[in-house]
Amino acid sequence: MQHEITVNDRFPETNEENIKAMAKRREEYSLQRDIRAREENEAIARRFERDKEKEKE
């Protein structure tokens with residue numbers, strides 16, 4: 001088959017350096033995801049507080 005996929009074509013060789021690099025990328029991604037989630041949650045909380053204040057008026 002012309003379009004047969006082999007593991008080495010799509011994934012780098014599994015060695016200690018590549019494993020450390022993959023772990024670092026996952027850690028950086030997780031950190032950025034957590035920061036973004038916190039910012040979005042804070043924005044939602046501020047919006048709810050504003051809505052509550054408007055309802056009291």
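At 54% relative accessibility, Arg36 counts as exposed, since the cut-off for that class is over 50%. The model in which Arg36 is described is a predicted one, and the account below moves from this residue to its partner, then to the other ion pairs, and finally to the protein as a whole.

Arg36 forms a salt bridge with Glu40, in which the closest N and O atoms are 2.9 Å apart. Glu40 itself is partly exposed, its relative accessible area being 40%. Both residues belong to helix α2, and because they are four residues apart there, about one helical turn separates Arg36 from Glu40.

A second pair in this helix joins Glu42 to Arg38, again through a salt bridge, with 3.9 Å between the closest N and O atoms; that distance falls inside the limit of 4 Å that defines such a contact. Glu42 and Arg38 are four residues apart in helix α2, and therefore about one helical turn lies between them. Glu42, at 40% relative accessibility, counts as partly exposed, and Arg38 is likewise partly exposed, with a relative accessible area of 48%.

A further salt bridge brings together the side chains of Lys20 and Glu16, at 3.1 Å from N to O. These two residues also lie in helix α2, four residues apart, or about one turn of the helix, and both Lys20 and Glu16 are exposed. The structure holds five salt bridges, including the pairs set out in the following table.

| Salt bridge | Closest N to O distance |
|---|---|
| Lys20 and Glu16 | 3.1 Å |
| Arg36 and Glu40 | 2.9 Å |
| Glu42 and Arg38 | 3.9 Å |

Which residues gather in a patch of positive charge on the surface? The patch is made up of Arg46, Arg47, Arg50 and Lys54. Of these, Arg50 is found in helix α2, which covers residues 16-56. Arg50 is partly exposed, with a relative accessible area of 48%, and so it passes the accessibility condition for patch residues, which is set at over 30%.

Turning to the protein as a whole, its secondary structure consists of two helices and zero strands. How many of the 57 residues count as buried, as a percentage? The figure is 0%, where a buried residue would need a relative accessible area under 20%. The accessible surface of the protein comes to about 6,100 Å², and 50% of that surface belongs to carbon and sulfur atoms.

Methods: Residues are numbered from 1 along each chain as its sequence is written. This is a predicted model: local features need pLDDT of at least 70, side-chain atom pairs count only at pLDDT 80 or more; totals for chains, interfaces and linings use all residues. Side-chain values use heavy atoms; hydrogens and water are left out. Patches are made of residues with over 30% relative accessible area and no salt bridge: like charges are joined within 9 Å, nonpolar side chains (Val, Leu, Ile, Met, Phe, Trp, Tyr) within 5 Å. Accessible areas come from the Shrake-Rupley method with a 1.4 Å probe; for residues, only the protein chains shown count as cover. Lys and Arg count as positive and Asp and Glu as negative; His and the chain ends are not counted. The place of a charge is taken as NZ of Lys, CZ of Arg, CG of Asp or CD of Glu. Buried means under 20% relative accessible area, exposed over 50%, partly exposed in between (1.4 Å probe, protein chains only).
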